[in-house]
Amino acid sequence: MDIKVVSTQPIEGQKPGTSGLRKKTRVFMEPHYLENFVQSVFDAIGGAGGKTFVVGGDGRYFNAEAIQTILRMAAANGAAHVIAGRGGLLSTPAASHLIRKNATDGGLILSASHNPGGIDEDFGLKFNIPNGGPAPEGVTEAIFAATKNIGQYRTLETPDIDLDALGEQKIGDMVVSIVDPVSDYAALMQELFDFGAIKDLLASGFRLRFDAMHAITGPYAKVILEEMLGAPAGSAINATPSVDFGGGHPDPNPAWAKELMAELMSDEGPDFGAASDGDGDRNMILGRNFYVSPSDSLAVLTANAHLAPGYANGIAGVARSMPTSCAADRVAQDLGIECFETPTGWKFFGNLLDAGRATICGEESFGTGSNHVREKDGLWAVLLWLNILAKKRCSVADLVQEHWKKYGRNYYSRHDYEALPKADASDLMDRVAGQLDTLPGKSFAGQVVDQADSFGYEDPIDGSKSSNQGLRIRFNNGARAVFRLSGTGTEGATLRLYIEHLETDPVRLTQDVQSALSLVIAAAHEIAGIGRLNRSGPDVIT
Ligand code: VG1
Ligand code: CO
């Protein structure tokens, strides 16, 4: 094996964000860019020598080329074995499962998730640790430190391997196993859910539509929903992964999943609709003429998970990211289980899941998952919903509305202001942060501030601390506004404003969401001076 040691220099800005390093594809394609980061990952984890990794991605532009580079570098760094998905494809949850199932030393997942793909769009790479979850902050900081110190990387001069050939090949001394991306994951889903009950539901005339948004979940949905569960062919749409996601945003929300929304928001629509994102870890759930907000979905799944065999003994606890609505908290209280509030990003759930303190976790950003892997999981959420509906035999709307009657409804929305000049976004955050101490007692749009703080988190398992995780303002009527800057964008800065208001009056449970929240929105605008952004409104409202 002829190892090539290439001299390089640190490249600015290789700091992993909420979920790995995300940059414009052309940036990742610059000389040494990918190589520097990959070598830094290996250096930060004490080298790759003798180790086994899982490698796969969401199939976006540059996925296959980047995988060839990573494989050569892994071999040159002494790795013993890499398990890769056929065609270089693995959904993020499937990669997490393979990392765990094979007791590997971690994995490299290539994805920029819900961000568009293509040579002029986004690319991303993240390292997951042996528990299958995204590297926690301690590890991402070590990786970033290594990127600032790097002087050389190791690679080989070898021809590309055939990523489409199942079975074993060798690069230098390293074995590469190419595996079917779907089969192990599908088997795991079969263990967790009552496939017989879901099959019966689908055979009874219940119609479903799943939109893979030209991204990674297409092949998974075809096998699981159509072949294994018997949904008619064509139930999964946009099911062939493409390098640029058909030119769209593979982001499962009402703004980007327009085709699916149009079909479901009709009296003749299917009974159930769902979509997933670029790398398969997000989900949007719809019923006929009914949209389920992700925060409500988390609460409904927590309340009903016991109907699925994998959770028949109940769940130990639930965890949600701080900006996610408090709907799940009341379910946890009712069930007598623990409820955790963590910073945004799945990496913060890992310790709680490993320790058995949380079983189900969720984020307002269309992410839900459980202890079956250490990532959020789009198809898992779809299957849990179907399992619950198969047992309850009611509509999505009835299930959620019954839930609201019992627990109240957290009206909830997120307003995103994208690609802002960085200075404008940080000025706004400074403006809010500067007022935190003096806000309590003051009134905005007729609502009085009760508490205001900058969210910090101390991990209850390992005691690690994370500060500055969002600015929270709570009003004395229980409403809440949260300000945060995105850690996944690749252009300027994205401001996220999260707003929620709890309604328990049974006759006020079916209002229009934006109107129900209008006073909290007005108060948030006033406090932050949103008008100074010079935008006519948010770019995306979910
Ligand atoms: C966003 C979401 C966050 C999610 C993250 C990764 O992060 O808000 O909840 O965990 O994306 O999801 P940010 O920092 O942009 O708000 V994915 O599906 O992009 O891996
Ligand atoms: Co994703």
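This passage describes a metal site, a ligand site, a buried loop residue and a helix in a predicted model. Residues are numbered from 1 along each chain as its sequence is written, while chains are lettered from A and ligands numbered from 1 in the order in which they are written. In this predicted model, local features need pLDDT of at least 70, side-chain atom pairs count only at pLDDT 80 or more, and totals for chains, interfaces and linings use all residues; side-chain values use heavy atoms, with hydrogens and water left out.

A good place to start is the metal. The cobalt ion (ligand 2) has as its protein donors S113 (OG), D277 (OD), D279 (OD) and D281 (OD), at 1.9 to 2.1 Å. Donors here are N, O and S atoms within 2.8 Å of the metal (3.2 Å for Na, K and Ca); water is not among the atoms, so sites may look incomplete. Along the sequence, the donor residues follow the spacing S-x163-D-x1-D-x1-D. S113 and D281 link distant parts of the chain, 168 residues apart: S113 lies in the loop between strand 5 (107-110) and strand 6 (122-128), and D281 in the loop between strand 12 (272-275) and strand 13 (284-287). Helices (H or I, at least four residues) and strands (E, at least two) are DSSP runs, numbered from the N terminus.

Next comes ligand 1. An oxygen atom of ligand 1 lies 2.9 Å from an N or O atom in the side chain of D281, a residue that also serves as a donor to the cobalt ion. Further oxygen-atom distances are 2.6 Å to a polar backbone atom of G487 and 2.5 Å to a polar side-chain atom of R496.

N253 is found in the loop between strand 11 (236-237) and helix 9 (258-264). Because its relative accessibility is 3%, N253 counts as buried (under 20% relative accessible area, with exposed over 50% and partly exposed in between; 1.4 Å probe, protein chains only). The side chain of N253 reaches two backbone nitrogens, that of A255 at 2.9 Å and that of W256 at 2.9 Å. Beyond its neighbours within four places in sequence, N253 is in contact (heavy atoms within 4.5 Å) with M284, F366, V540 and T542.

Helix 11 (residues 327-335) completes the picture, with A327, A328, R330, V331 and A332 as its buried residues. The cover over these residues includes helix 10 (294-304), strand 15 (317-321), strand 16 (338-342), helix 14 (396-407), strand 19 (409-420) and strand 26 (493-503). After helix 11 comes G336, with a positive phi near 70 degrees.

Methods:
Polar contact = N/O pair within 3.5 Å; in protein donor to acceptor, adjacent residues only side chain to side chain.
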